[in-house]
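Colleague: Before I trust any of the labels on this one, can you take me through what stands behind them?
Modeller: Sure, have a look first and then ask away.

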Protein chains: 2
Amino acid sequence: MAVTIKDVAKLANVAPSTVSRVIANSPRISERTKETVREAMKELGYHPNFNARSLANKSTNTIGIVMPNSANKTFQNPFFPEVIRGISSKAHQLEYGLYLSTGQTEAEIFEEVQHMVQGKRVDGIILLYSRVDDKVVDYLYKENFPFSVIGRPYDEKKRDITFVNNDNFKAAKTVTEYLLLLGHKNIAFIGGNLDFVVTVDHMEGYRKALSNAGMELLDDYVVFHEELQEGGQEAVIDLMSLNDPPTAMIVADDIMTFGVMRMLSEMEMKVPDDVSIISFNNVMISELSSPPMTTVDIHIYNLGFEACNLLIDQILHPETGSKQVLIPHKMIKRQTTQKLIQNVTSTS
Amino acid sequence: MAVTIKDVAKLANVAPSTVSRVIANSPRISERTKETVREAMKELGYHPNFNARSLANKSTNTIGIVMPNSANKTFQNPFFPEVIRGISSKAHQLEYGLYLSTGQTEAEIFEEVQHMVQGKRVDGIILLYSRVDDKVVDYLYKENFPFSVIGRPYDEKKRDITFVNNDNFKAAKTVTEYLLLLGHKNIAFIGGNLDFVVTVDHMEGYRKALSNAGMELLDDYVVFHEELQEGGQEAVIDLMSLNDPPTAMIVADDIMTFGVMRMLSEMEMKVPDDVSIISFNNVMISELSSPPMTTVDIHIYNLGFEACNLLIDQILHPETGSKQVLIPHKMIKRQTTQKLIQNVTSTS
DNA sequence: ATGAAAGCGCTAACAA
DNA sequence: TTGTTAGCGCTTTCAT
């Protein structure tokens with residue numbers, strides 16, 4: 001059997017509890033005994049048993065990460081490694097471990113979450129997405145279990161949960177206004193899955209900018225797609241088949257933009273000459289498209305980092321209510337947008 | 001306090017041990033009592049405490065995933081979500097949980113691994129990379145702790161560890177041969193970090209194909225780069241500055257290829273007219289480059305799935321030595337390769 | 001087929 | 001400042 005606290009205690013000629021206190025670095029132990037105990041630990045190659053600790057002090061020092069359904073390819077989005085990198089970084093600082101959900105469907109995920117909290121497997125949970133109607137959030141909320149979400153709760157009544165978000169409404173509005181300023185009148189919107197709150201917010205920002213400009217939102221110009229690459233491509237087909245095809249597009253996600261640009265180039269449409277494009281996220285690879293894409297940097301890493309920060313805060317100080325953080329965004333102008341070139345042959 | 005086995009026992013009028021046996025579905029309990037106990041569990045909303053179980057039966061039913069240093073951007077490669085999806089899928093089937101490493105440097109990672117195994121936090125470990133000289137592998141090997149690696153051990157003496165790999169040597173050789181058949185004589189090789197075994201294998205395959213064709217490997221045509229996007233771009237600059245620039249390139253990774261193509265297009269070089277490119281991995285996004293890239297599909301998902309499979313096998317049956325699995329690869333011809341167009345003005 | 005009881009390795013309240 | 005001791009919630013012999 002492995003070395004236990006008792007072995008160390010015996011060798012150091014102290015009580016097990018003393019050893020325990022040395023591990024916790026309790027100030028109520030003299031430096032001298034701390035030293036002897038530490039030496040004993042080193043000599044025996046002692047390592048604390050994680051499960052025993054957790055059982056005894058009712059805390060696991062690990063946080064659960066719940067990802068959206070990994071069944072579809074959405075999951076290959078570099079967004080995820082990047083949030084996780086952010087979370088990971090903060091977690092490591094504070095010596096928390098990371099436990100990953102493995103469910104592929106909503107039902108499986110929900111069951112897993114229950115296991116995590118009821119089985120006391122984690123001290124808190126981070127949701128990497130925010131759905132419009134999410135059983136998981138409801139559950140965690142009712143159980144009063146520490147959690148934070150990346151995104152925002154859709155339900156206004158749940159404003160008091162902890163979350164970190166971008167101002168997606170504002171971002172989408174700004175981006176639309178920018179295209180308007182460039183002279184575009186026919187601006188399409190290619191959104192993600194409408195079940196996600198971010199999609200709704202983008203949509204509203206787009207709508208607001210149009211209405212501020214005294215323009216109407218045309219249903220034909222608005223497309224939603226769940227799948228990242230096929231989605232982008234299909235959307236382009238639909239949009240370019242219209243009698244009055246758009247001269248600019250707002251795309252929900254950089255990866256989708258790759259699909260959009262691919263299809264456009266197959267149709268021999270030039271970006272940005274024929275169509276301007278702006279998208280969201282600014283994942284690493286988005287500067288490598290041809291041409292490099294204009295996109296809104298949402299600081300993915302920071303989203304993860306802050307979500308973890310807020311969560312651990314909440315775990316450590318449950319009394320100090322919920323917190324909300326807004327991560328600033330920043331439009332990165334690259335080469336997929338330009339002033340509308342008036343088509344001389346066009347008639348109204 | 002939460003509901004425990006004792007509460008259930010009391011309500012069902014049995015001993016705690018009986019409840020425990022019902023959880024394990026022991027055949028030595030009558031169906032009748034099983035029923036009553038199950039009802040009691042439902043009535044009380046009982047969920048087994050994970051830590052208590054782990055402590056008592058010395059097994060966690062969770063496996064640790066160790067990623068390479070997430071400090072640099074390499075980590076944003078969609079390769080990772082995809083392997084994890086594979087691992088996750090198998091793990092979920094067999095009801096194993098996933099625990100993630102958070103270290104950013106080699107030293108931190110090594111320390112974490114020690115914690116995982118000594119602290120009995122996981123039952124086994126999957127390494128998502130294989131370095132030429134890896135302390136982690138050495139450690140796990142010496143401790144005789146169950147683990148599997150994605151890639152292969154560099155050291156021939158460690159052939160008896162469990163791993164799942166592609167035949168990267170063969171893949172690189174085939175790809176080189178293909179370019180040779182297309183008439184290319186000046187074929188460059190843009191590899192990843194030489195610390196990784198896969199890079200070495202690619203390199204050897206390339207070398208072998210050349211020597212089989214009676215050609216010499218030119219040092220100038222071989223470049224290694226750690227960083228994915230900058231790397232690709234820098235490599236192109238170096239290569240195209242040569243007196244006799246290559247007409248074809250073999251690139252270690254699809255994401256790097258995006259960088260390569262970006263830089264090429266900045267130089268107004270056309271792909272594949274001026275330069276043919278083949279790369280490796282076939283991540284989802286690689287079909288969305290312009291033009292879509294020819295690449296070797298290494299079946300990332302399967303790598304993860306099998307690595308997990310082998311590991312759990314090993315955990316459950318430690319006596320049945322190590323296993324090795326080779327995942328087949330497949331070249332996906334898209335549009336970044338073509339026959340060499342003889343330049344009429346060229347002289348030798 | 002079921003119960004009693006010891007123990008997994010650690011923490012924490014209480015004593016000293 | 002340190003030791004004693006009673007758990008944490010579950011599994012698992014050993015009885016019955």
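Modeller: Let's start with a word we'll need: a residue is near a strand if one of its heavy atoms lies within 4 Å of it. And keep in mind that this is a predicted model.

Colleague: Fine. How many residues surround DNA strand C, and which are the closest?
Modeller: There are 26 of them around DNA strand C, with Ile5(A), Ser20(A), Tyr46(A), Thr18(B) and Arg21(B) the closest. Of the atoms of DNA strand C that come within 4 Å of the protein, 67% are sugar and phosphate.

Colleague: What makes the approach of Ser20(A) to a phosphate oxygen of DNA strand C a polar contact?
Modeller: The cut-off is a pair of N or O atoms within 3.5 Å. An N or O atom in the side chain of Ser20(A) is 2.6 Å from a phosphate oxygen of DNA strand C, so the pair qualifies. The side chain of Arg53(A) also has an N or O atom by a phosphate oxygen of that strand, at 2.8 Å. For the side chain of Thr33(B), the value is 2.9 Å, again to a phosphate oxygen of DNA strand C.

Colleague: Which elements give two or more residues to the surface near DNA strand C?
Modeller: Helices H2 (16–23) and H4 (50–57), from chain A and from chain B. H4(A) provides the largest share, four residues. By type, that surface has 11 nonpolar, 10 polar and five charged residues.

Colleague: And DNA strand D: what surrounds it?
Modeller: DNA strand D has 26 residues around it, and the closest are Ser17(A), Thr18(A), Arg21(A), Ile5(B) and Tyr46(B). Sugar or phosphate makes up 61% of its atoms within 4 Å of the protein, and the rest belong to bases.

Colleague: How do you know that Arg21(A) has a polar contact with a base oxygen of DNA strand D?
Modeller: An N or O atom in the side chain of Arg21(A) is 2.3 Å from that base oxygen, and the limit is 3.5 Å, so it counts. Ser30(A) uses a backbone N or O atom instead, 2.8 Å from a phosphate oxygen of DNA strand D. Thr33(A) comes in with its side chain, where an N or O atom is 2.8 Å from a phosphate oxygen of the strand. The elements giving two or more residues to this surface are H2 and H4 of both chain A and chain B, and H4(B) gives the most, with four residues.

Colleague: Now to H11(A). Why does its length agree with a helix of 13 residues?
Modeller: H11(A) runs over residues 254–266, and at 1.5 Å a residue it should span 18 Å; the end C-alpha atoms are 19 Å apart, so the two agree.

Colleague: Why is H11(A) called mostly covered?
Modeller: Buried means under 20% relative accessible area, and 11 of the 13 residues in H11(A) are buried, so the label fits. Among them are Phe258(A), Val260(A) and Arg262(A). The buried residues pack against several elements, including helix H10 (229–240) of chain A and helix H11 (254–266) of chain B.

Colleague: What goes on at the ends of H11(A)?
Modeller: At the start, a side-chain oxygen of Asp253(A) reaches to within 2.7 Å of the backbone nitrogen of Ile255(A). Just after the helix, Glu268(A) takes a positive phi of about 60°.

Notes
Residues are numbered from 1 along each chain as its sequence is written. Chains are lettered from A and ligands numbered from 1 in the order in which they are written. This is a predicted model: local features need pLDDT of at least 70, side-chain atom pairs count only at pLDDT 80 or more; totals for chains, interfaces and linings use all residues. Side-chain values use heavy atoms; hydrogens and water are left out. A polar contact is a pair of N or O atoms within 3.5 Å; within protein, one must be able to donate a hydrogen and the other to accept it, and residues adjacent in sequence count only if both atoms are side-chain atoms. Ala, Val, Leu, Ile, Met, Phe, Trp, Tyr, Cys and Pro count as nonpolar, Asp, Glu, Lys and Arg as charged, and the others, Gly among them, as polar. The expected span of a helix is 1.5 Å times one less than its number of residues. Buried means under 20% relative accessible area, exposed over 50%, partly exposed in between (1.4 Å probe, protein chains only). Contact means heavy atoms within 4.5 Å.
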